[in-house]
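Work through the following exercises with the sequence and the coordinates at hand. Each task is followed by a solution in steps.

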Amino acid sequence: MRPSKNPRQSRILQIVRTRNIGTQEELVAALQEVGMDVTQATVSRDIKELGIIKVATANGDQKYVTMNRSGEGASGRLMKVFSEAVTSIDTASSFVVIKTLPGMAQAAASALDSMRLDDLIGSIAGDDTIFIATHTPKHAEEMRETLVELSHLDPALHRSKLE
């Protein structure tokens, strides 16, 4: 059956939040598993409309994650602010420390809040620094890797202290 837009997009959000989906083809297959006949082109449009983004996982794969949206195009603007504001990302125990351009930590933290990152317990932003609390040092490293990818920083300059 060809589902209408709202039920289809609702199911897409549910799938992305509960499964590791790395490609549009995987998402199409997951929808077909529940009886929704969709095309890759339709899924591509839905991903854009829903503000779903692809992030790197700790093992180097990629997966889709949802972002909150506060208006049309908000997720794209927030991601641009985040990637342009961040200057470095490091870890300290189970914390991730993000340095930003002066005065940009609040805006970058707002972008982080909209990303709904799984292992983010909470964040605090000052003028040019954001502290992110995670459950464990391993979660902090995974978060750092994801954020380096999202910020478009050179990964070679932001290597894990555990390597």
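## Surface and overall make-up

The accessible surface of the protein comes to about 8700 Å², and 52% of this area belongs to carbon and sulfur atoms. The model is a predicted one.

**Exercise 1.** State how many helices and strands the protein has, and give their pattern along the sequence.

*Solution.*
1. The count is six helices and six strands.
2. Read along the sequence, these elements follow the pattern α-α-α-β-β-α-β-β-α-β-β-α.
3. As for burial, 44% of the 163 residues count as buried.
4. Among contacts with a separation of 6 or more, 54% are between residues 24 or more positions apart.

## The sheet and its helices

**Exercise 2.** Determine the strand order of the four-stranded open sheet and find which strands stand at its edges.

*Solution.*
1. The order is β3-β4-β6-β5, with antiparallel pairing.
2. β3 (86-92) and β5 each have a single partner strand, so one side of each is left without a neighbour in the sheet; these two are the edge strands.
3. Direction ignored, neighbouring strands of this sheet are turned by 15° against each other on average.
4. β3 pairs with β4 (residues 95-100) over six bridges, in the antiparallel sense. Within this pair, I89 has I98 in β4 as its bridge partner.
5. β5 (residues 122-125) and β6 (residues 129-133) run antiparallel and are joined by four bridges. Here I124 stands opposite F131 in β6.
6. The connection from β5 to β6 is a hairpin through three residues.

**Exercise 3.** Identify the strands that α5 lies across and those that α6 touches.

*Solution.*
1. α5 (residues 105-115) lies across β4, β5 and β6, and runs at about 30° to β6.
2. α6 packs on the sheet and touches β3, β4 and β6.
3. The direction of α6 makes about 170° with that of β3.

## A helix crossing

**Exercise 4.** Classify the mutual orientation of α1 and α3 from the angle between their axes.

*Solution.*
1. The axes of α1 and α3 (residues 40-50) come within 11 Å and cross at roughly 75°.
2. Angles of 65 to 115 degrees count as roughly perpendicular.
3. The two helices, α1 and α3, are therefore roughly perpendicular to each other.
4. On the α1 side, the contact is made by K5, R8, Q9, I12 and L13; on the α3 side, by T42, D46, E49 and L50.

**Exercise 5.** Locate R17 and describe its surroundings.

*Solution.*
1. R17 is found in helix α1.
2. With a relative accessible area of 48%, R17 is partly exposed, because the exposed class begins over 50%.
3. Not counting residues up to four places away in sequence, R17 touches T66 and R116.
4. R17 and Y64 are 47 residues apart in sequence, while their C-alpha atoms are 8.5 Å apart in space.

## Salt bridges

**Exercise 6.** The structure holds seven salt bridges. For the bridges E33–R19, K138–E142 and R144–E141, give the N to O distance, the place in the chain and the exposure of residues in each pair.

*Solution.*
1. The side chains of E33 and R19 meet at 3.3 Å, N to O. This pair links distant parts of the chain: E33 lies in α2 (residues 24-33) and R19 in the loop between α1 (5-18) and α2, 14 residues apart. E33 is exposed, with a relative accessible area of 59%, whereas R19 is partly exposed at 36% relative accessibility.
2. For K138 and E142, the closest N and O atoms are 2.7 Å apart. Both residues lie in α6 (residues 137-151), and because they are four residues apart, about one helical turn separates them. K138 counts as exposed at 57% relative accessibility.
3. For R144 and E141, the closest N and O atoms are 3.2 Å apart. These residues are three apart in helix α6, which means a separation of about one helical turn.
4. R144 has a relative accessible area of 4% and is buried. E141 is also buried, with 7%. The threshold used in both cases is under 20%.

**Exercise 7.** Which residues are linked with R144 in a network of salt bridges?

*Solution.* The network consists of E141, R144 and E145. Within it, the R144–E141 bridge is the one treated in the previous exercise, with N and O 3.2 Å apart.

Conventions. Residues are numbered from 1 along each chain as its sequence is written. This is a predicted model: local features need pLDDT of at least 70, side-chain atom pairs count only at pLDDT 80 or more; totals for chains, interfaces and linings use all residues. Side-chain values use heavy atoms; hydrogens and water are left out. A salt bridge is a side-chain nitrogen of Lys or Arg within 4 Å of a carboxyl oxygen of Asp or Glu. Buried means under 20% relative accessible area, exposed over 50%, partly exposed in between (1.4 Å probe, protein chains only). Two strands pair if DSSP finds at least two bridges between them. Contact means heavy atoms within 4.5 Å. Accessible areas come from the Shrake-Rupley method with a 1.4 Å probe; for residues, only the protein chains shown count as cover. Axes are lines fitted to C-alpha atoms, for helices over the stretch in contact, and angles run from 0 to 180 degrees between N-to-C directions. Angles under 35 degrees count as roughly parallel, over 145 as roughly antiparallel, 65 to 115 as roughly perpendicular and the rest as oblique.
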